[in-house]
There are 2 protein chains.
Amino acid sequence: MENSPTCIFPPAPAPKPDEEESLDVWGFRDTKFEILSNGSVRLTGSRYSLCDQELPSLLPWVSEVMKVPVRADDVYPPAYPTPIPEALAHPQFLAELRKTFAEDQLSQDPKIRLRHGHGHTQEEMFAIKYGKIGRIPDLVVFPTEEGQVATLVEAALKYEACLIPFGGGTSVTEALRCPENEARFIVSVDMRRMNRILWIDPVNRMACIQAGAVGRHIVEQLKGHGFTMGHEPDSIEFSTLGGWIATHASGMKKNRYGNIEDLVLDIHAVTAAGKLERSSVTPRESVGSDPRLWLFGSEGNLGIVTSAVVKLFPLPEVQNYGSILFPTFKDGVAFLYELAQTHAVPASIRLVDNLQFQFGMALKPKATGLKALKSKLEKFFVVKLKGFDPQQMVACTIVFEGSRAEVAAQEKTVYGLAKRRGGMKAGAENGIRGYQLTFGIAYIRDFVMKHYFLAESFETSVPWSQAEALCANVKRRLAEEYERRKLPGKPFLTCRVTQVYETGVCVYFYFGYYYKGVPHPSEVYAELEVIAREEILKNGGSLSHHHGIGKLRQRFLPQIKSPATLAWVEQAKRALDPHNVFGSGNQGVGAKDTPAPKAAGGAQ
Amino acid sequence: MENSPTCIFPPAPAPKPDEEESLDVWGFRDTKFEILSNGSVRLTGSRYSLCDQELPSLLPWVSEVMKVPVRADDVYPPAYPTPIPEALAHPQFLAELRKTFAEDQLSQDPKIRLRHGHGHTQEEMFAIKYGKIGRIPDLVVFPTEEGQVATLVEAALKYEACLIPFGGGTSVTEALRCPENEARFIVSVDMRRMNRILWIDPVNRMACIQAGAVGRHIVEQLKGHGFTMGHEPDSIEFSTLGGWIATHASGMKKNRYGNIEDLVLDIHAVTAAGKLERSSVTPRESVGSDPRLWLFGSEGNLGIVTSAVVKLFPLPEVQNYGSILFPTFKDGVAFLYELAQTHAVPASIRLVDNLQFQFGMALKPKATGLKALKSKLEKFFVVKLKGFDPQQMVACTIVFEGSRAEVAAQEKTVYGLAKRRGGMKAGAENGIRGYQLTFGIAYIRDFVMKHYFLAESFETSVPWSQAEALCANVKRRLAEEYERRKLPGKPFLTCRVTQVYETGVCVYFYFGYYYKGVPHPSEVYAELEVIAREEILKNGGSLSHHHGIGKLRQRFLPQIKSPATLAWVEQAKRALDPHNVFGSGNQGVGAKDTPAPKAAGGAQ
């Protein structure tokens with residue numbers, strides 16, 4: 001950045017030995033749930049606060065809620081990986097790539113190719129262990145600089161290959177799934193070696209960061225310079241800056257720092273037409289139609305984001321956690337509505353429903369001694385003295401960030417409003433716990449899958465006036481459809497409000513079920529998820545708040561966008577990527593126009 | 001809005017007798033500057049606080065600063081309108097339109113056509129009085145509902161006409177100027193009869209407003225329901241919601257409410273492909289590439305915005321004004337930088353440079369009695385006691401809005417920081433005056449034009465570290481170029497910081513000069529403005545903060561956007577409007593692809 005007199009150029013992040021990720025399940029390789037011989041559950045390793053604790057209540061609670069048996073020895077053995085399709089051959093293209101890329105930047109390893117052909121939907125994770133693997137990339141390329149991305153795009157255009165960018169691989173919309181009928185050679189472009197912070201401008205509070213930088217590394221490196229970018233999606237451990245832009249991501253602290261579209265000041269991208277870039281980064285502009293904006297939510301369809309300039313914020317003077325209990329979900333939502341109308345909304349505030357509140361309790365370790373006593377007393381106070389119904393009560397968890405004065409003012413507002421709505425302060429510890437659970441719980445889905453549970457999350461955003469009805473109707477509808485299908489026991493149905501806006505909220509649902517004895521369990525789940533989405537749309541919810549469309553939700557697009565709106569996206573794609581080199585086929589765009597390969601070397 | 005249980009459907013705004021606008025100069029017909037026989041200046045009418053006061057200091061001050069004579073009787077008589085070109089004929093098209101539009105919705109009145117062919121750049125305003133009028137619309141259409149806009153677009157496609165949307169006509173980028181070589185029949189689409197608030201949803205704090213609604217009416221109507229949308233550009237008296245979207249507008253209170261892109265939740269538009277619309281309005285989404293975003297800054301190139309859903313905010317509990325004097329501009333900028341890093345930035349804060357501060361003083365009415373005494377005392381205190389240099393000191397004006405507690409906290413922060421930077425509180429009255437002057441001063445440019453002054457404003461945004469240097473360098477460069485050209489006296493060169501962001505500021509320049517005896521004065525001005533813009537870009541400033549590109553700044557686009565970026569805009573335009581029916585030619589887009597009319601009736 002020529003203009004700033006005070007830029008810092010941090011070194012590349014050093015690779016760490018403990019960062020290896022699992023290929024067959026979510027997360028780090030050193031972390032997984034297991035059932036102990038006494039029936040307690042434990043999360044291995046030491047990475048999360050939940051780790052290395054005996055959790056005696058989890059299985060009994062799940063059995064009780066879902067009316068199904070859970071036994072340590074009742075396992076559906078995963079067959080990961082189920083047969084991996086052979087890669088297509090394209091020797092001329094590979095020869096061309098070898099002029100630019102080193103051998104370790106090109107991988108045709110079957111498991112690596114497999115991993116780059118999916119994200120983390122239940123369908124995808126079920127398929128690699130129990131199902132049939134469809135079309136996957138024929139090659140994975142790991143560029144290390146923007147010039148290599150440009151070379152790759154040129155080569156793909158010349159040799160009629162198809163490119164699908166890959167960030168953290170955390171997609172939950174099948175955005176990474178390869179189009180089944182793609183006859184061209186498919187390249188997954190893994191951006192994670194482009195992971196550097198290129199510069200930090202501490203005066204103007206900006207940083208230029210490569211698109212493959214992973215959230216946790218961005219946080220860590222910026223922290224060393226006294227800054228944060230403030231973007232903390234639940235996937236922050238693995239997802240990348242480029243992925244955030246391409247999926248239009250939201251961070252849990254958006255109330256203070258903004259969502260990704262508020263944080264990004266400039267985007268560099270390689271497209272079929274060349275590099276999108278600008279001569280300067282200014283705070284705000286009106287310079288005509290701005291193609292950078294078109295990349296938000298583009299899901300890999302229009303090009304590959306290579307770096308972005310983002311806002312920086314000084315690390316907050318104070319970070320306080322908090323929690324509040326409310327008698328009912330309705331009370332909690334009413335409280336959030338009032339809070340959202342103030343200018344004292346904390347960095348993050350979430351409201352979990354009763355089942356999720358209970359779930360959090362079931363994840364508590366065996367309490368002993370003084371701790372057990374304190375816990376009992378608390379419980380007594382809430383249930384007996386305040387008259388809260390344990391089957392109705394809900395919890396808010398809060399992160400306050402800012403100056404001492406700001407946080408004090410927010411706390412005053414928050415707890416004052418809560419009290420008026422019948423809420424009860426439940427302490428910082430429960431708040432911390434709520435947020436920490438987010439990361440540990442992410443491992444549970446793949447763990448329970450082999451114990452005959454299929455689970456998945458999905459989200460929406462909805463105006464305030466419809467929020468409560470939407471939550472209730474989606475749960476009711478799924479319960480009805482579940483019963484109609486005579487599926488085992490009871491479904492696991494829970495939701496939380498994860499974001500508040502002036503005009504509405506983001507709602508995050510979890511739906512899980514016990515699939516033992518159910519034919520085609522993954523398809524059954526998918527069918528029910530479609531029904532849930534229909535119910536969401538019927539109740540005024542959006543098709544997605546921050547997960548995106550990918551291939552999972554593309555069928556619903558005609559329900560929410562007018563024909564002209566869809567035509568615009570399609571026509572723009574055709575104009576900007578006429579050969580569909582960015583052929584992920586997300587949002588149903590581009591794929592049908594893909595020209596058949598003319599070179600004989602295309603598919604052998 | 002089907003989903004909200006509590007929508008209000010306000011009636012159409014009643015037309016008022018005093019709202020007639022001038023055709024040859026800025027603003028309302030009842031308001032204009034005049035020179036009195038005693039040499040004082042007066043603004044007629046009673047609309048603004050500046051009105052009906054004798055301003056004895058203005059002309060002497062201007063003469064002194066610019067080293068030129070100003071005399072009441074030294075007038076360059078305006079010849080408005082200079083010859084207005086005949087309208088093209090297109091009887092088939094007109095016959096088609098008459099099936100849908102009433103006679104009073106179609107105008108070929110020469111002065112109406114003329115007014116719809118320009119905005120308010122000095123070139124445009126000079127041309128209609130002293131210059132040559134170029135290509136102007138052949139017809140002005142006033143649709144009253146979205147269906148009529150759709151009909152108009154279809155007819156234009158069928159009969160190969162060219163459409164240019166028209167909002168408040170306040171463009172300062174020649175966005176309304178018709179492409180000189182446009183051979184097709186040009187229709188100006190005046191949206192101001194689509195001026196209704198369609199509904200207000202007080203629960204979810206949203207309103208759906210037609211695109212032709214004028215800012216002042218939006219404010220007034222929403223106020224009646226206890227709300228504001230918080231968008232207050234300096235042109236608010238005349239500019240429209242649709243215009244704000246198309247130019248990517250900024251409001252002076254954006255610190256509290258956001259800029260236009262932060263306020264708009266949904267956009268309805270008629271395009272060549274049909275209507276862009278959505279099934280629901282949710283607080284935030286990730287639903288793939290979003291064509292609604294492409295309309296921000298589209299400047300009429302892609303379609304006609306017909307309505308938008310915007311956020312509403314309750315009217316603030318408190319609105320306080322304030323002002324602060326600083327010894328130098330540097331001190332003022334340093335103060336703003338510190339303030340911008342807090343979360344206590346007031347709704348609006350502006351910093352004027354010394355010349356603009358003096359200008360404000362020169363616009364003070366004759367002070368008499370106690371008022372004169374007070375004014376003298378103040379001056380004594382600042383200049384003598386505090387040692388402020390009258391040729392260096394600058395002023396900040398501030399609007400605080402919010403709850404009592406918020407405003408109190410902001411005031412504490414603002415005045416505390418100001419004191420540390422050597423600032424001195426200068427009272428609410430000076431703050432109010434600063435903001436009120438904005439609207440009255442807008443009339444001065446066209447008034448002084450006939451007294452041989454040409455003046456114009458232009459803006460930019462720039463990172464903090466370059467802000468002060470940019471201001472100084474632009475002024476220095478213009479002064480040098482002025483002297484090199486041996487132009488009369490001294491140029492009028494002043495700037496103010498009008499917006500603060502985390503990463504930088506918006507700077508607004510005024511440049512004026514005395515053109516008596518100068519051949520082609522408007523061209524000379526334009527040439528100097530281009531030089532100023534080059535200097536801005538050289539100093540890291542943006543091509544525009546909120547005015548836009550239009551035709552005025554399109555020549556600079558290749559300096560700021562890479563070839564691929566420009567190609568994207570061009571290719572998208574070609575795909576989305578293949579016949580260039582939205583043929584304004586802004587940003588240099590589309591015009592060169594306009595097919596020649598094939599019908600003989602096109603141009604006669």
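**Entry 1: His451(A)**

I looked up the burial of His451(A) in this predicted model. At 6% relative accessibility, His451(A) counts as buried, because the cut-off for that class is under 20%. I located His451(A) in the loop between α16 (444-449) and β18 of chain A.

I then asked which backbone atom the side chain of His451(A) reaches. The partner is the backbone oxygen of Asp74(A), at 3.4 Å. Setting aside neighbours within four places in sequence, I listed the contacts of His451(A) as Ile35(A), Arg71(A), Ala72(A), Asp74(A), Val75(A) and Tyr514(A). Asp74(A) thus appears both as a contact of His451(A) and as the residue whose backbone oxygen the side chain reaches.

**Entry 2: The sheet of chain A**

I traced the strand order of the open sheet in chain A. Seven strands follow the order β17-β14-β16-β15-β19-β20-β18, with antiparallel pairing. In chain A, β17 (424-425) and β18 (453-463) stand at the edges; each has a single partner strand, so one side of each is left without a neighbour in the sheet.

I next examined one pair of strands. Strand β19 (residues 492-500) and strand β20 (residues 504-514) of chain A run antiparallel and are joined by eight bridges. Within this pair, Gln499(A) stands opposite Cys506(A) in β20(A).

I also recorded the helices against the sheet. Helix α15 (residues 427-441) of chain A packs on the sheet and touches β14 (318-326), β15 (348-352), β16 (394-402) and β17 of chain A. The direction of α15 makes about 95 degrees with that of β14(A). Helix α17 (residues 464-484) of chain A also packs on the sheet, touching β18, β19 and β20 of chain A. The direction of α17 makes about 10 degrees with that of β20(A).

**Entry 3: The sheet of chain B**

I repeated the search in chain B. The open sheet there has seven strands in the order β17-β14-β16-β15-β19-β20-β18, paired antiparallel. Eight bridges join β19 (residues 492-500) to β20 (residues 504-514) of chain B, and Val497(B) stands opposite Val507(B) in β20(B). Helix α18 (residues 521-538) of chain B packs on this sheet and touches β18 and β20 of chain B. I noted an angle of about 15 degrees between the directions of α18 and β18(B).

**Entry 4: Nonpolar cores**

I looked for the largest nonpolar core, and it has 120 residues. The residues with the most contacts inside it are Met229(A), Leu241(A), Ile245(A), Met229(B), Leu241(B) and Ile245(B). I followed Ile245(B) further: among the residues it touches are Ile260(B), Val264(B), Leu295(B), Phe296(B) and Ala308(B), not counting residues up to four places away in sequence. Apart from this core lies another, of 91 residues, which includes Met66(B), Leu363(B), Leu417(B) and Tyr525(B).

**Entry 5: The two copies**

I asked by what turn chain A can be laid on chain B. A turn of 180 degrees with a shift of 0.0 Å along the axis gives an RMSD of 0.0 Å. That is the relation of a two-fold axis. Of the residues of chain A, Ala572(A) comes closest to the rotation axis, with its C-alpha at 2.7 Å. I noted that 100% of the interface residues of chain A are also interface residues in chain B, so the copies meet through the same surface.

For a residue that touches the other chain, I chose Thr565(B), in helix α20 (residues 563-576) of chain B. Is Thr565(B) buried or exposed? Thr565(B) counts as buried, at 3% relative accessibility. I listed its contacts as Lys275(A), Leu276(A), Glu277(A) and Pro291(A), not counting residues up to four places away in sequence.

Conventions: Residues are numbered from 1 along each chain as its sequence is written. Chains are lettered from A and ligands numbered from 1 in the order in which they are written. This is a predicted model: local features need pLDDT of at least 70, side-chain atom pairs count only at pLDDT 80 or more; totals for chains, interfaces and linings use all residues. Side-chain values use heavy atoms; hydrogens and water are left out. Helices (H or I, at least four residues) and strands (E, at least two) are DSSP runs, numbered from the N terminus. Buried means under 20% relative accessible area, exposed over 50%, partly exposed in between (1.4 Å probe, protein chains only). Contact means heavy atoms within 4.5 Å. Copies are superposed by least squares on the C-alpha atoms of residues with pLDDT of at least 70 in both. Two strands pair if DSSP finds at least two bridges between them. Axes are lines fitted to C-alpha atoms, for helices over the stretch in contact, and angles run from 0 to 180 degrees between N-to-C directions. A nonpolar core is a set of buried Ala, Val, Leu, Ile, Met, Phe, Trp, Tyr and Cys residues joined through side-chain atoms within 4.5 Å. A polar contact is a pair of N or O atoms within 3.5 Å; within protein, one must be able to donate a hydrogen and the other to accept it, and residues adjacent in sequence count only if both atoms are side-chain atoms.
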